[in-house]
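Student: I have the sequence and the 3D view open side by side. Could you pick one part and take me through it closely, with the cut-offs behind each term?

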Amino acid sequence: MKQLRRWALGLIIALAALVGVVGLQAPTPAQDAPVQAPPEVTLEIAGLTVEEVAEGVYTLVASTDFPPADFVTTAICNVTIVVGSDGVLILDTFQNAALANLAFATVATLTDQPIRYVVDTHYHFDHSGGNAAAEVLGLPILGRGPIREFMLTRNQELDPTVTPPSVVVNGTWDVWLGDRQVQLVEFEGHSGGTDLVAYIPDVDVLVTGDMLFAERLPYLADGNIRVWQDNLAMLAETYSTATVIPGHGPVGDRTNLDNLKGYLSTLETLALQWQEQGLSLEQALEQASLPEPYASYGFQGMFSGNVEVAYQQITLGHDDAASIRTYFQAQAPELQAL
Ligand SMILES: [Zn+2]
């Protein structure tokens, strides 16, 4: 947790600095000027590469490990751009307005179609912290479940410019970009009832948000280890042939869904062993080492936090929604909503 604490603190300082900078700039109305990324933030500096995943589906793939090299200019998550015959939908906005504007400016290099919708795949601020830039452009921002409440409480302290979705999606929604359908579907497990995936049927592409960390250890602090495994199985079964775009990590296929499920299942098995051996949390933390198949994964700094969550939810059996919320809220503010 120490490593995470250190980088989270850096993030707060950086965000405070950023808010200072943004606060000095007058908002630019959408119609008056084309979107320009600030010159200091480029795809290269942000650590992003643009990958054409399918026809008209582009992902800005973040290359960073965790913690990122720079908390303001390094993109932490992936952002996906879906181009239809009559408009564009963007999934996630990165962690601040400058990076969101970089994504919007990238759209203009890919298509003449206007951006019509922004979707938050969940509330965590590395995915939604750039929403303010979308609001400046007058774009509707779609999110799911208790996302407004979560952002206005949990993210507020980290991000004073917090801008929650203006449209709340529950159930399954179809968004049409001219002749292209994008299905938004609820799934559970990562972020307290705000996880949303997007499926584009005509090219069989699934955008998972943080329901999938690919070749990265996951952030678990307000997830549910057992529910997440069940939902990963459902995702893999429902979208078995799809190209799969994760919230963090490279584009792949259902194998990555199976692998994350395997990691969570390994954690569960370990936690049941700690229960059998009567270990304290401290003993479990001391004894646990990252199992071999995951040694090459990124985000290794997540492991001790993952062990702690596995101990709470599996060893102690505190995995009901209220217990998870209590555990999550007992974390230092800077460790919430990352
Ligand atoms: Zn994330």
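Tutor: Here is a walk through the sheets, starting with the five-stranded one and ending with some helices. Please keep in mind that this is a predicted model, where local features need pLDDT of at least 70, side-chain atom pairs count only at pLDDT 80 or more, and totals for chains, interfaces and linings use all residues. Residues are numbered from 1 along each chain as its sequence is written.

On confidence, the protein averages a pLDDT of 88, and 86% of the residues score at least 70; pLDDT is the predictor's confidence in each residue, from 0 to 100. Residues 1–33 have a pLDDT below 50, and this stretch has 35 contacts in the model beyond near neighbours in sequence. A contact here is two residues whose C-beta atoms, placed from the backbone, lie within 7 Å.

The protein has 11 helices and 12 strands, which are DSSP runs numbered from the N terminus: helices are H or I of at least four residues, strands E of at least two.

Now to our part. Strands β8, β9, β10, β11 and β12 line up in that order as an open sheet with mixed pairing; two strands pair if DSSP finds at least two bridges between them. β8 (172–177) and β12 (243–245) are at the edges with a single partner strand each, so one side of each lacks a neighbour in the sheet. From one strand to the next, the twist averages 20°. For such angles, axes are lines fitted to C-alpha atoms, for helices over the stretch in contact, and the angles run from 0 to 180 degrees between N-to-C directions.

Let's zoom in on β10 (residues 196–200) and β11, which run antiparallel and are joined by three bridges. Ala198 has Val207 in β11 as its bridge partner. Val207 belongs to β11 (residues 205–207). Is Val207 buried or exposed? Val207 is buried, because 32 other C-beta atoms lie within 10 Å of its own. The scale is simple: 20 or more other C-beta atoms within 10 Å is buried, 12 or fewer is exposed, and in between is partly exposed, with C-beta atoms placed from the backbone.

What does Val207 touch? Beyond the residues within four places in sequence, Val207 contacts Thr80, Leu91, Val197, Ala198 and Ile245. Two of these lead to the other sheet: strands β3 (79–84) and β4 (87–91) take in those positions.

That other sheet is open too, with seven strands in the order β1-β2-β3-β4-β5-β6-β7 and mixed pairing. Its edges are β1 (48–54) and β7 (167–169), each with a single partner strand, so one side of each has no neighbour in the sheet. Direction ignored, neighbouring strands there are turned by 25° against each other on average. At one end, β1 and β2 pair antiparallel over six bridges, with Val50 bridged to Leu60 in β2. Two residues separate β1 and β2 in a hairpin, and Gly56 in the turn has a positive phi of about 75°. At the other end, β6 (residues 141–144) and β7 pair in the parallel sense over three bridges, and Leu142 stands opposite Val167 in β7. Helix α3 (residues 97–110) lies across β1, β2, β3, β4 and β5, at about 35° to β3.

Finally, the helices. α7 and α8 (residues 254–277) pack at an angle of about 160°, their axes 9 Å apart. That makes α7 roughly antiparallel to α8, a label for angles over 145 degrees, whereas under 35 is roughly parallel, 65 to 115 roughly perpendicular and the rest oblique. Gln229 sits in α7 (residues 225–238) and touches Lys261, Leu264 and Ser265, leaving out residues up to four places away in sequence. With 19 C-beta neighbours inside 10 Å, Gln229 counts as partly exposed. In α10 (residues 303–315), by contrast, 10 of the 13 residues are buried, so this helix is largely enclosed by the rest of the structure.
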